[in-house]
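Please look through the sequence and the structure shown here before reading on. The paragraphs that follow lead from one buried position to the helices, the hairpins and a pocket.

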Amino acid sequence: MTSHAHHEHHGPALKQEAQTTLEAAGEQWTDMRALIFDVLATFRTPASAYDIAEKVSARRDKRVAPNSVYRILDLFVETNLAQRVESANAYVANSHPGCVHDCIFMICDSCGEVTHVDNDRLADGVRDTAVASGFTPERPVIEVHGTCAACD
């Protein structure tokens, strides 16, 4: 099993890496985008746009609509600042936004913890299989549901 080595970012270093990555993509790091990223990064488990909107609204002391949050989350996914857990319709902050990989998620059905794994060989195999089938893959996502070691 081959994996890609990368540097995980947390706290202020993660926020700075996210801002750098977003600006390198030609986008602006606005106050609202910064706040939504900050809130997303606080969740231990995948967060829905509604969860994020609720926390952002509380921090701003002003209601923020989930559809506004969805637009920003879509931008974050496009620019690799966040990853979407498809089966949960929820998002996690990418702890290494400067590294681009297909998503492989290990999802614990007991506690909700999600572990993101990078395995280029497996992801490349999925892409190669899609191409061999006459399909053009855009964003493969692999999700494995089960029980984490802590819940086992």
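Is Ala 49 buried or exposed? In this predicted model, Ala 49 has a relative accessible area of 0%, and because buried means under 20% relative accessible area, Ala 49 counts as buried. The residue is found in helix H3, which covers residues 49-60. Although Ala 49 and Leu 73 are 24 residues apart along the chain, their C-alpha atoms are separated by 7.8 Å, and Leu 73 is itself one of the buried residues of helix H4.

That contact leads on to H4, a helix of 13 residues that should span 18 Å at 1.5 Å a residue, and its end C-alpha atoms are indeed 18 Å apart, which agrees with the expectation. Along H4 the buried residues are Pro 66, Val 69, Ile 72, Leu 73, Leu 75, Phe 76 and Val 77, and just after the helix Asn 80 takes a positive phi of about 75°. Helix H2, made of the 12 residues 31-42, reaches 17 Å from its first C-alpha to its last, which is close to the 16 Å expected at 1.5 Å a residue. Its buried residues are Arg 33, Ala 34, Leu 35, Ile 36, Phe 37, Val 39 and Leu 40.

How are H2 and H4 linked through their aromatic residues? A search of the whole structure finds three aromatic pairs. In the pair of Phe 37 and Phe 76, the ring centres are 5.9 Å apart and the planes stand at 80°, so the pair is edge-to-face. This pair links distant parts of the chain, with Phe 37 in helix H2 and Phe 76 in helix H4, 39 residues apart. Both Phe 37 and Phe 76 are buried, and ring pairs join these two residues with Trp 29 into a cluster.

The strands can be followed next, beginning with E1 and E2 (residues 90-93), which pair in the antiparallel sense over four bridges. Within this pairing, Arg 84 has Tyr 91 of E2 as its bridge partner. The two strands form a hairpin with four residues between them, and in the turn Asn 89 has a positive phi of about 45°. Both faces of E1 are covered, since Ala 82 and Arg 84 on one side, and Gln 83 and Val 85 on the other, are all buried.

Further along the chain, strand E3 (residues 103-108) and strand E4 (residues 114-117) also pair in the antiparallel sense over four bridges, and here Ile 104 stands opposite Val 117 in E4. E3 and E4 form a hairpin with five residues between them, in whose turn Gly 112 has a positive phi of about 85°.

Several of these elements come together again at the second largest pocket, which has a volume of about 210 Å³. Which residues lie nearest its centre? Of the 13 residues that line the pocket, Val 77, Asn 80, Val 100, His 101 and Arg 139 hold that position, and among them are Val 77, already met as a buried residue of H4, and Asn 80, the residue with a positive phi just after that helix. Helix H4 (66-78) and strand E1 (82-85) each supply at least two residues of the lining. By kind, the residues of the lining divide into five nonpolar, three polar and five charged.

Technical notes:
Residues numbered from 1 in each chain as written. Predicted model: local features only at pLDDT ≥ 70, side-chain atom pairs only at ≥ 80, totals over all residues. Heavy atoms only, no water. Expected span 1.5 Å × (residues − 1). Buried < 20%, exposed > 50% of the residue type's maximum accessible area, 1.4 Å probe, protein only. 1 Å grid on protein atoms, 1.4 Å probe; cavity = no way out; pocket = protein on both sides within 12 Å on 5 of 7 lines; lining within 4 Å. Points joined across faces, edges and corners; volume = space filled by probe spheres on them. Nonpolar A, V, L, I, M, F, W, Y, C, P; charged D, E, K, R; others polar. Pairing = 2+ DSSP bridges. Phe/Tyr/Trp six-rings, centres within 6.5 Å; stacked < 30°, edge-to-face > 60°.
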